[in-house]
Amino acid sequence: MANSVDFVVVGAGVFGASTAYHLARRFPVKRVILVDRKRPNPCAASSDYNKIIRADYKDKLYTELGLEALQLWKKDELFKPYFHQCGLLCVEEIGVGRGALEHFAALGHDSGAVLMALDEARNRFPHFQDADWTGACEAYFNPESGWAEADGALRSVIDAAVEAGVEFLEANVTSLAINDDFSCKGINIIDKEGAIERTILAVDQTILCVGAYTAKLLADTSPDWAELQVNGRMIAAAAVQCAASYPQEEEHKFSGAPCHFLGMWHTHGESIPPYNGHLKFNCEVSFTNLVHHEGLNESISVPPSAETQNTFSQDVPEGLKQEAQNVVKKVFGKYIARLQIESYRMCWDAVSPNQDWIIDHHPNCNKLLVAGAGSFHAWKFLPTIGKYVVQRMLGDLDDDKAQKWA
Ligand SMILES: Cc1cc2nc3c(=O)[nH]c(=O)nc-3n(C[C@H](O)[C@H](O)[C@H](O)COP(=O)(O)OP(=O)(O)OC[C@H]3O[C@@H](n4cnc5c(N)ncnc54)[C@H](O)[C@@H]3O)c2cc1C
């Protein structure tokens with residue numbers, strides 16, 4: 001593996017994998033290295049049984065971007081095999097449904113999405129006849145939305161990037177390599193064989209896509225350099241998930257089930273129809289893990305180091321398990337007999353204060369671009385997000401997007 005390349009992309013979650021893929025397509029003769037601890041890493045937020053794919057947003061730009069990504073999920077051979085268009089039913093008080101309808105109308109897009117009375121929703125989707133929709137006034141259904149097999153799709157984008165010439169390096173990046181003039185010259189790594197630390201130089205750009213690990217990697221790089229740090233812009237936060245199983249004879253009850261988002265004051269969570277016998281739930285209550293960083297001499301939120309506290313396991317605090325159980329109960333009630341939660345997971349992502357992503361040159365470190373702060377909603381943009389990272393790097397990104405992701 002070369003010690004000097006044109007582009008180094010650190011992190012092979014959705015931001016990094018998509019960026020490497022789009023870089024290779026845009027610059028077929030340049031050398032690109034995509035570095036991660038594993039390919040893919042089960043600890044990454046992007047690694048999962050499945051993720052929801054939707055264009056239903058309160059925010060107009062993400063609605064537009066969601067529609068663009070949806071087209072690729074439906075039609076592009078790279079993504080299509082992993083997409084399941086089952087629709088999304090929202091019962092919520094946040095205004096996602098009404099907001100999305102407004103944006104679809106303004107964009108002239110006929111999604112087939114509708115508002116309906118709760119009774120009508122229960123008749124149409126008997127899967128939720130026992131759901132606790134207390135306090136809700138209406139339901140929203142979009143038949144265009146659905147879910148994707150997360151690990152399969154992520155792996156296929158990494159493979160496509162490698163096929164297009166990207167070199168994948170399994171290594172731990174210990175820090176960024178910084179020049180005397182405070183520009184980024186590349187990365188310091190310990191490869192999987194261990195022990196020897198070496199530097200990989202990035203002639204054009206280093207692109208940092210390490211999600212929830214961003215604050216720690218910058219702190220480890222140069223703890224005394226205050227202007228390098230994330231300074232609250234990208235905070236590692238987690239939400240709890242769980243996977244459940246059910247008796248074979250109950251399988252037919254999921255026929256025609258959509259994804260369900262329940263966003264009421266008493267419950268914030270999502271359910272995704274079964275895949276390989278697993279029914280997955282997200283609970284949207286987020287939390288941090290503050291750890292004292294010696295170099296910084298302050299506390300920052302970092303994902304726990306134990307793999308079991310990043311992946312599906314039983315190693316999740318009891319209170320969080322109860323939150324997840326609450327979502328399962330509020331979504332299905334007694335509709336499915338002997339629904340059994342098998343495992344839980346704390347899924348760690350980077351979150352920005354306004355939940356917009358960050359895709360921008362580092363303001364104080366030349367030749368370093370930061371892409372992340374998925375803020376619990378970036379996975380669905382796997383087909384397109386890297387295109388915008390490359391555009392930002394080249395100065396080609398529209399002003400509205402550049403400002404939003406600054
Ligand atoms: C519970 C939950 C449910 C979600 N559900 C959805 C959903 O249904 N739909 C949706 O669109 N979005 C969803 N999201 C959001 C989505 O998963 C994230 O926004 C997205 O995956 C973030 O991608 P990323 O590339 O920034 O980070 P990650 O996927 O975490 O990738 C970062 C990568 O960097 C690597 N890395 C970190 N540090 C180093 C280092 N020092 N050396 C080498 N490699 C390193 C890691 O190994 C990892 O692979 C959800 C998020 C959560 C928490």
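In which loop is P40 found? In this predicted model, P40 occupies the loop between β2 and β3. The peptide bond that leads from R39 into P40 is cis, and its omega lies near -20°. Most peptide bonds are trans, and a negative phi is the rule for most residues other than glycine.

Departures in phi were found at further loop positions. R338, which is not a glycine, has a positive phi of about 55° and belongs to the loop between α7 and β18. R338 is exposed, because 9 other C-beta atoms lie within 10 Å, where 12 or fewer is the limit for that class. Q355 is likewise not a glycine, and its phi is positive at about 65°. The loop that holds Q355 connects β18 and β19 (358-361). With 14 other C-beta atoms within 10 Å, Q355 is partly exposed.

Helix α7 comprises 15 residues, 318-332. From first to last C-alpha, α7 reaches 21 Å, close to the 21 Å expected at 1.5 Å a residue. The buried residues of α7 are L320, E323, A324, V327, V328, K330, V331 and F332. Their cover includes the strands β12 (235-245), β13 (259-264), β14 (267-275), β15 (278-287) and β18 (340-351). After α7 comes G333, with a positive phi near 50°.

Antiparallel pairing links β9, β10 and β11 in succession. Between β9 (167-178) and β10 (residues 184-191), 7 bridges were assigned in the antiparallel sense, and A177 stands opposite G186 of β10. The hairpin formed by β9 and β10 has 5 residues between its strands, and F182 adopts a positive phi near 70° in this hairpin. On to β11 (residues 197-208), β10 is joined by 5 bridges, again antiparallel. Within β11, I200 is the bridge partner of I187.

The ligand is surrounded by 37 residues, of which G11, G13, S46, G211 and G374 come nearest. By class, this shell contains 20 nonpolar, 12 polar and 5 charged residues. At least two shell residues are supplied by each of α1 (14-26), β2 (32-36), β3 (50-53), β9, β12 and β18. The largest share, 3 residues, comes from α1. Two of these elements also appear in the surroundings of the helix described above: β12 and β18 are included in what covers the buried residues of α7, and each contributes to the shell around the ligand.

Conventions
Residues numbered from 1 in each chain as written. Predicted model: local features only at pLDDT ≥ 70, side-chain atom pairs only at ≥ 80, totals over all residues. Helix = DSSP H or I, 4+ residues; strand = E, 2+ residues; numbered from the N terminus. Expected span 1.5 Å × (residues − 1). Buried ≥ 20, exposed ≤ 12 C-beta atoms within 10 Å, placed from the backbone. Contact = placed C-beta atoms within 7 Å. Near = placed C-beta within 6 Å. Nonpolar A, V, L, I, M, F, W, Y, C, P; charged D, E, K, R; others polar. Pairing = 2+ DSSP bridges.
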